[in-house]
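Please work through the following exercises with the structure in view. Each task is followed by a solution in steps.

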Amino acid sequence: MPEHGSVPSLASSLQQQLADALTAALPDAGAADPLLRRSDRADFQANGILALAKKLKGNPRELAARVTAALPAGELIKDIEVSGPGFLNITLSDNAIVETLAARAADAGGRLGVPVNADAGTTVIDYAQPNVAKEMHVGHLRSAVIGDAMVKILEFTGENVVRRHHIGDWGTQFGMLIQYLIEHPGALKHEDGAADGASEGEAAMSTLNRVYKESRALFDADEEFKARSRDRVVALQAGDPETLELWQGFVDESKIYFHSVFDKLDMEIDDADIVGESGYNDMLEETCRILEETGVAVRSEGALCVFFDDVKGPDGNRVPLIVKKTNGGYGYAATDLSAIRNRVQDLKADTLLYVVDARQSLHFKMVFETARRAGWLNEDVKAVQLAFGTVLGKDGKPFKTREGETVRLEDLLDEAVERATGVVREKAEKVGLSEEEIVENGRYVGIGAVKYADLSTSAVRDYKFDLDQMVALNGDTSVYLQYAYARIRSILRRAGDAVPAAHPELELAPAERALGLHLDQFGEVLGEVAAGYEPHKLAAYLYQLASHLTTFYDQCQVLSPDNAPEVVENRLFLVELTARTLHRGMALLGIRTPERL
C-alpha cells in the first residue's frame with residue numbers, strides 16, 4: 001500500500017470511481033476492470049464495457065449508460081459520453097486537475113506526491129564493473145549510467161538498495177604483474193611529472209599502463225619470467241602474504257583511477273560497495289561442493305559442470321556451464337554463483353539485478369538456472385539481467401578510434417564536456433554567466449548529454465554515439481530539458497511580487513490542461529520504470545513534459561500585463577511544479593539541472 005501522504009493520481013481516482021460504478025450497475029459482472037487509458041477524444045477512455053457486454057450477453061451501449069448513471073456526482077468528472085460500441089469518453093474538471101496538482105506541490109517531503117512502496121524489499125544491483133590494472137573504455141559506460149539511474153529510481157520508490165561493483169580483481173594476469181613488481185621494486189611509483197596537468201587518477205592509470213606493458217613485454221620475451229609468473233599465480237591463490245600485499249597495491253592504485261573516472265561521470269562509488277571477484281574466493285570450494293553433493297553439477301572429462309537441455313553447440317551436443325576446470329581452477333561461474341549465495345543468504349536480497357552486457361545473456365541464463373536448481377533462487381528471490389546493447393559510432397559499427405582502438409572513457413567524457421562548454425559559452429553573454437559558471441555548466445551539460453543519450457534508448461538496443469546530436473539544443477536531448485528548466489527558473493526570478501499559487505476556480509486553456517495532466521502522471525511513470533527496470537520511459541516522460549511546456553509557452557503567456565493576477569499566479573504555479581518535476585526526474589537519471597543556462 002502507498003505510504004500516507006502520497007497523492008492519488010487523477011487516473012487512479014477515476015479508475016476507482018469507474019470500478020465502483022461497474023460493480024454497482026452490473027453486480028453480476030463481479031470485479032471488472034474498466035480498461036482506462038488516455039485518449040485523443042477526451043482526457044480518458046474506458047473500454048472495459050465491451051468485453052463485459054459479451055460476458056453478460058447485453059447491449060454494450062445500454063450497459064454503458066447504466067454505468068454512467070451509477071457514477072457519483074462530484075468534482076472529478078466534468079463530462080462523460082458514450083461513444084461507439086459502449087466506450088466511455090471522459091473529460092475531467094479543471095478544478096480536479098488543479099487541486100490534485102496543488103496537493104502534489106504541497107507534499108511536505110518534496111516527493112511531489114509520489115508514493116513510497118511500503119511493500120518494497122531489498123534489491124542488490126550489480127553494476128559499474130571495471131577491471132583492475134586496465135583502463136576503462138566506452139564499453140564500461142552503459143553499465144555505470146544505467147545502474148546508477150536504477151539505484152536512484154528504486155531508492156526513491158522505497159526499495160532498500162545494496163550496490164555491488166563486481167570488479168575484475170583476480171586472475172592469471174596478476175601473476176605476471178606481481179612477479180614484475182617483485183623483480184622491479186618501486187615500479188608502481190608515479191613517474192616525475194606524471195600528475196602535472198592530470199588528475200591523480202590519470203597518473204595512477206598511466207603508471208598501471210606502463211607496468212602492464214613492461215611486464216607483458218618481458219612475459220612474451222622471457223620463458224623463465226613466464227614460468228616465475230605462473231608460479232606467482234599459484235602463490236596468489238594460496239594466499240601468500242607478500243604476493244597478496246603486492247596484489248593489493250594494484251587494487252588500491254586502480255581504485256584511485258576508478259574514482260577519478262566515476263567523478264567525471266558525476267557518480268558516487270563507495271569503497272564498501274566494491275566487492276570484486278576476490279571477495280568470494282573463500283566461498284568457491286564450498287559452492288562447488290554443494291553443487292556436486294546435490295547433483296546439480298556433475299563431473300565431465302574431469303571438470304565440474306552443469307548441463308542444460310536447451311543449451312547446445314553447433315554439433316548438437318549440450319554446452320555446459322563449467323564451475324570448476326579440469327586443472328582445479330575455478331571458472332567465472334563459481335564466482336558468480338558464490339556471489340548469489342552471499343547476496344541472498346547474507347545480504348537478504350529479494351531481487352538480484354545485474355546490469356550487464358546483452359552479450360553475456362547466455363552465461364547469466366545458465367548461472368541463474370543453476371542457482372534455482374540449487375535452491376538459492378526461488379519464488380521469493382529472483383535474479384534479473386538488465387541487459388544492454390552496444391555503443392556504436394556514427395557509422396553504426398562498434399565505437400572505435402580512427403586507429404581502430406577502443407575509445408577510452410575519459411577521452412570520450414572530456415570531449416563531451418568540451419563540446420558542451422562551447423554550446424554554453426555561445427549563450428553565456430545573453431544570460432550573464434561568469435567563467436566559473438560556464439565551466440561548471442559545461443560539465444553538467446556534457447555529462448548530462450552522454451547519460452541522457454544512453455538512458456533515452458531502451459537498454460537492450462544498441463545506440464549511436466553522436467556528440468553533435470547529443471548537445472543539440474532542440475530534439476530529444478538532455479540539453480533541451482536543461483534549458484526548459486533554466487527558462488522556468490528565469491521566469492520565476494522575473495515574476496516580481498507575483499507568487500506561484502493554485503487557483504482551482506479558473507478555467508484552464510487547452511495547453512494548461514495538457515501540461516497539468518502530464519504532470520500528474522509522474523508517479524505512475526516512476527512506478528512503471530521501477531517495476532520493469534526501464535529508465536528510458538522516465539527519459540521519454542521528461543521529454544514529453546518539456547514538449548508540453550514549449551506548447552504552453554507558445555499559447556499561454558505567463559507574465560503578460562494583460563493577465564489577471566490570479567491567472568499569472570496559476571501559470572506560475574504550473575511552471576514551478578513543472579520545474580520541480582523536471583529537476584526531480586533528471587536527478588533520478590543522474591543528470592544536473594543548472595539554474596541558469
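The exercises concern the overall chain, its cysteines and a charged surface patch.

The model is predicted: local features need pLDDT of at least 70, side-chain atom pairs count only at pLDDT 80 or more, and totals for chains, interfaces and linings use all residues. Residues are numbered from 1 along each chain as its sequence is written, and side-chain values use heavy atoms, without hydrogens and water.

**Exercise 1.** Describe the protein chain as a whole.

*Solution.* Step 1: the protein chain contains 20 helices and 13 strands, which are DSSP runs (H or I, at least four residues, for helices; E, at least two, for strands) numbered from the N terminus. Step 2: along the principal axes, its C-alpha atoms fill a box of roughly 90 × 65 × 45 Å. Step 3: of the 597 residues, 51% are buried; buried means under 20% relative accessible area, exposed over 50%, and partly exposed in between (1.4 Å probe, protein chains only).

**Exercise 2.** Determine how many disulfides the structure holds, and explain why Cys-288 forms no bond with Cys-305.

*Solution.* Step 1: a disulfide is a covalent bond between the sulfur atoms of two cysteines; here the criterion is a pair of cysteine sulfur atoms within 2.5 Å. Step 2: the closest cysteine sulfur to that of Cys-288 belongs to Cys-305 and lies 11 Å away, which is too far for a bond. Step 3: the structure holds zero disulfides. Step 4: Cys-288 is buried because its relative accessibility is 3%, and Cys-305 is buried because its value is 4%.

**Exercise 3.** Is Asp-263 buried or exposed?

*Solution.* Step 1: Asp-263 is found in helix α9 (residues 241-264). Step 2: Asp-263 has 55% relative accessibility and therefore counts as exposed.
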